[in-house]
Amino acid sequence: EVVLHPELEPSERAVYDAVLAATRRDVVERLGAGASPLALLEALLRLRQAACHPALLPGQSAESSSKLELLLEVLDESVADGHKALVFSQWTSLLDLVEPKLRAAGIAFTRLDGSTRDRAGVVAAFQSEGGPPVLLASLKAGGVGLNLTAADTVIHYDPWWNPAVENQATDRAYRIGQHKPVFAFSLIAAGSVEERMLGL
């Protein structure tokens with residue numbers, strides 16, 4: 001298990017800090033007025049999105065992100081060395097941002113999320129020897145009940161509150177039938193709420 005800490009670019013840091021300042025003010029006001037503590041969870045959601053990719057935020061756009069560039073580096077090295085990789089995110093909108101980058105890099109992939117109709121077909125294609133070396137999966141759809149032992153690299157793009165959920169996702173590769181060491185990477189943006197989540 002390896003934790004990688006990408007540093008936010010100055011433009012990303014500016015967006016993150018702006019979200020932090022705005023949400024902190026908003027949450028304090030709303031809680032002071034008797035609002036539900038759910039307001040705090042919404043604020044945390046925005047901060048987590050800002051740490052992953054600015055384009056996940058309403059009204060923001062960005063070509064890429066520090067974390068996405070690091071993901072591409074890890075995948076490029078993994079695929080070049082003949083490995084297969086699982087990439088998990090809790091947001092399908094994030095997977096939508098990863099797809100064009102993989103295409104541009106010439107890295108073949110398949111995808112599994114809640115809208116996937118032929119789950120067995122996607123799994124069979126990935127598991128086959130000549131199948132695509134990368135499987136993008138939503139944590140919810142791909143995190144349980146699948147045998148993906150063709151992969152020996154697992155990348156968690158964003159942390160989830162319950163580590164057991166991430167462990168279950170990693171166990172799609174690290175299970176009976178796996179004959180190789182499995183490397184599980186967690187991408188945790190430096191100086192962000194993600195580091196606090198990891199600490200918890």
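This is a short tour of one helix and the strands around it. The model is predicted.

**Stop 1: helix H4.** Select residues 92–105, which form H4. How far apart are its end C-alpha atoms? They are 20 Å apart. That agrees with the expected span, because 14 residues at 1.5 Å a residue should also give 20 Å.

**Stop 2: the buried residues of H4.** Now pick Leu94, Leu95, Val98, Glu99, Lys101 and Leu102. These are the buried residues of H4. An α-helix has 3.6 residues a turn, so residues three or four places apart point the same way. What do the buried residues of H4 pack against? Show helix H3 (66–80) and three strands: E2 (85–89), E3 (109–112) and E4 (134–138).

**Stop 3: just past the helix.** Click glycine 106, just after H4. Its phi is positive, at about 75 degrees.

**Stop 4: strand E4.** Select residues 134–138. Is E4 mostly covered or uncovered? It is mostly covered, with five of its five residues buried. Look at which way they point. Val134, Leu136 and Ser138 go one way from E4. Leu135 and Ala137 go the other way.

**Stop 5: the partners of E4.** Add E2, which pairs with E4 in the parallel sense over five bridges. Find alanine 85: its bridge partner in E4 is valine 134. Next add E3. E3 and E4 also run parallel, joined by four bridges. Here leucine 112 has alanine 137 of E4 as its bridge partner.

**Stop 6: from E3 to E4.** Finally, select helix H5, residues 119–127. Together, E3, H5 and E4 make a β-α-β unit. Is this unit right-handed or left-handed? It is right-handed.

How values were computed: Residues are numbered from 1 along each chain as its sequence is written. This is a predicted model: local features need pLDDT of at least 70, side-chain atom pairs count only at pLDDT 80 or more; totals for chains, interfaces and linings use all residues. Side-chain values use heavy atoms; hydrogens and water are left out. Helices (H or I, at least four residues) and strands (E, at least two) are DSSP runs, numbered from the N terminus. The expected span of a helix is 1.5 Å times one less than its number of residues. Buried means under 20% relative accessible area, exposed over 50%, partly exposed in between (1.4 Å probe, protein chains only). Contact means heavy atoms within 4.5 Å. Two strands pair if DSSP finds at least two bridges between them. A crossover is right-handed if, with the strands pointing away from the viewer, the path from the first strand over the helix to the second runs clockwise.
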